[in-house]
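The following paragraphs go through a two-part model, one topic at a time. Please keep the sequence and the coordinates at hand while reading.

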Amino acid sequence: MSPTVAVVGASLAGLSAARALRDQSFDGRVVVIGDEAHAPYDRPPLSKEFLAGKASLDDVTLGTPDDEELGLEWRLGTTAVGLDRVSRSVLLSDGSEVRADGVVLATGARARRLPGTEGLAGVHVLRSLDDAVALREDLASARRLVVIGAGFIGAEVASTARTLGLEVTVVEAMPVPLAGPLGTEMGAVCAELHADHGTRLLTGTGVAGLVGTGRVEAVELTDGTRLPADVVVVGIGAIPNIEWLADSGVALGNGVLTDARGVTNIPGVVAVGDCAAAWSVSAERHVRIEHWTHALEQPATAVATLLGAEGAVPTSVPYFWSDQYGARIQFAGSRREDDVARVVEGSCADRSFLVVYEREGTPVAVLGMNQPRLFTRWRRQLRSAVPTPS
Amino acid sequence: MIPVCPTTELPPGEATRVEADEPIAVFNVDGDFYAIDDTCTHQDASLADGWLDGCSVECPLHASCFDLRTGKVSGPPAKTPVRTHRVVVQDGMVYVQPGITADGAA
């Protein structure tokens, strides 16, 4: 019987793992299990073009005609509910199981919800295609949107809603949005885009609760302010989908714990993408990365290890982007709190700049707004500067 | 033929954008010149601003990769290839012929 690899998760990381298996000459059975009914699709457009109605389902589909040649066995609309480490079987919600010689865990993450808002109409999160369709329908008849959380998702939804003509308020608990990824100084600069485009941004403000019976009517803040809302979007981060592995013996933390190559503590089981917390050589701890490019690139290393190759630890530089209010924000590198941000091109006031973060005089990260060409050069330079870990 | 620039202004590893009916990106890969549609088929971004790696260019925004020789997608999220255009170098000048593919088909 030909060997089988089960890929649990059918989004970018799962699809990339399946492609990598074939690319690395695995000719056995590849079973891809996905809890959503949809074929793999691209999530970044969901808060932008797709939400604005400018991109269709076809536009966001990830699969290409080449993928049809890969001979993948799809089990879509089926949730994995358990993993038997001894027989290396993936147990599925329909009662069946997939016995495999190798397993790729790629179950991703889900949007964190605001407790106590279940069942209240007009309250949305945005992670999946179905989320985006529901939000798009609700925005079509709405006038006032309140976004809770001024992270990238929140900012992109606010931006899209402004183009649709809505009145938008963004509420952020922290004093400065995006301080985590970009630092206080540059987080504040990027947050100015909201005011530039007529979005009201309230920072350092907690949400006490949502008001409404049946359907949301307002967001109540901790200072007592009530913000009337026809629609509320909650963008307060994501939680890795790992509960189904609780009894499997797979080591878990803030994600499936793996080494730098994506290998878990269970032989023949690797983890990739948003659900995985891989050991970071530079940070000296497990780090769960939710970046698109990470989900695209990392599976090739994990799959190589699964197939028995002793590949080098990848040395890619973390990269993410955000498109909001017509501005293109790009970031690459690994920033720490005490790194110094220096504008090397353009100016923050012009909303066109390149900022380099330096640690003891050495560039470690780069942030660009509307500077794709220069940003690309810096990103390349950072990549070539990354030392290869021994 | 559309004049692009003198060869000296487009050294190896560099790219430039040429305005045509549809903008065209011209690349110098170790002395060989390639031309493709400048606009990424995934979203509005200029491939001339992209990351050149061998005969592949990575879109500066979302990392789609295209093979400069064929225009084919070599990395997602793009699914549709870009068109290639013939490049002619004459008397130290680089020219493109829009509408004629790199392999000579009209």
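The model is a predicted one. Chain B contains 10 strands and zero helices. Read from the N terminus, its elements follow the pattern β-β-β-β-β-β-β-β-β-β. The radius of gyration of chain B is 12 Å, close to the 13 Å that the globule rule gives for 106 residues, so chain B is as compact as a globular protein of that length. The C-alpha trace of chain B extends over about 40 × 30 × 20 Å along its principal axes. Buried residues account for 42% of the 106 residues of chain B. As for contacts in chain B with a separation of 6 or more, 36% of them come from residues 24 or more positions apart.

Chain A has nine helices and 27 strands. For chain A the radius of gyration is 22 Å, close to the 21 Å expected from the globule rule for 390 residues, so this chain too is as compact as a globular protein of its length. Its C-alpha trace spans about 65 × 55 × 40 Å along the principal axes. Of the 390 residues in chain A, 43% are buried. Where contacts in chain A join residues at least 6 apart in sequence, 60% of these contacts join residues at least 24 apart.

How many residues does each chain bring to the contact between chain A and chain B? Chain B supplies 10 residues and chain A supplies 12 residues. On the side of chain B that touches chain A, seven residues are nonpolar, one is polar and two are charged.

The next topic is a sheet in chain A. Strands of a sheet pair through backbone hydrogen bonds, in either the parallel or the antiparallel sense. In chain A, five strands form an open sheet with parallel pairing, in the order S3-S2-S1-S7-S20. S3 and strand S20 (269–271) of chain A are the edge strands, and each pairs on one side only. From one strand to the next, the twist averages 15 degrees.

Within this sheet, strand S1 (residues 4–8) of chain A and strand S2 (residues 29–34) of chain A run parallel and are joined by five bridges. Thr4(A) has Arg29(A) in S2(A) opposite it. Between S1(A) and S2(A) the chain passes through helix H1 (residues 12–23) of chain A, and the resulting β-α-β crossover is right-handed. Further along the pair, Ala6(A) has Val31(A) in S2(A) as its bridge partner. H1(A) packs on the sheet and touches S1, S2 and strand S7 (102–105) of chain A, with its direction at about 175 degrees to that of S2(A). Helix H8 (residues 292–306) of chain A also packs on the sheet, where it touches S7 and S20 of chain A; the direction of H8(A) makes about 160 degrees with that of S7(A). S2(A) is also joined to strand S3 (residues 73–76) of chain A by four bridges, and the two run parallel. In this pair, Ile33(A) has Arg75(A) in S3(A) as its bridge partner.

A second sheet in chain A has antiparallel pairing: it is open, has three strands and follows the order S13-S14-S15. Strand S13 (207–211) and strand S15 (226–228) of chain A are at the edges with a single partner strand each, so each has one side without a neighbour in the sheet. Direction ignored, neighbouring strands of this sheet are turned by 20 degrees against each other on average. Strand S14 (residues 218–221) of chain A pairs with S15(A) in the antiparallel sense over three bridges. Here Ala218(A) stands opposite Pro228(A) in S15(A).

Strand S21 (residues 276–280) of chain A and strand S22 (residues 285–288) of chain A form an antiparallel pair over four bridges. Ala278(A) stands opposite Val287(A) in S22(A). The hairpin of S21(A) and S22(A) has four residues between the strands, and in this hairpin Glu284(A) takes a positive phi near 55 degrees.

One residue in a helix remains. Ala195(A) belongs to helix H7 (residues 184–196) of chain A. Is Ala195(A) buried or exposed? Ala195(A) counts as exposed because it has 10 C-beta neighbours inside 10 Å, and the cut-off for an exposed residue is 12 or fewer. Its C-alpha atom and that of Phe320(A) are separated by 23 Å, with the two residues 125 apart along the chain.

Conventions:
Residues are numbered from 1 along each chain as its sequence is written. Chains are lettered from A and ligands numbered from 1 in the order in which they are written. This is a predicted model: local features need pLDDT of at least 70, side-chain atom pairs count only at pLDDT 80 or more; totals for chains, interfaces and linings use all residues. The radius of gyration is taken over C-alpha atoms; the globule rule is 2.2 Å times the number of residues to the power 0.38. A residue is buried if 20 or more other C-beta atoms lie within 10 Å of its own, exposed if 12 or fewer, and partly exposed in between; C-beta atoms are placed from the backbone. Two residues are in contact if their C-beta atoms, placed from the backbone, lie within 7 Å. Two strands pair if DSSP finds at least two bridges between them. A crossover is right-handed if, with the strands pointing away from the viewer, the path from the first strand over the helix to the second runs clockwise. Ala, Val, Leu, Ile, Met, Phe, Trp, Tyr, Cys and Pro count as nonpolar, Asp, Glu, Lys and Arg as charged, and the others, Gly among them, as polar. Axes are lines fitted to C-alpha atoms, for helices over the stretch in contact, and angles run from 0 to 180 degrees between N-to-C directions.
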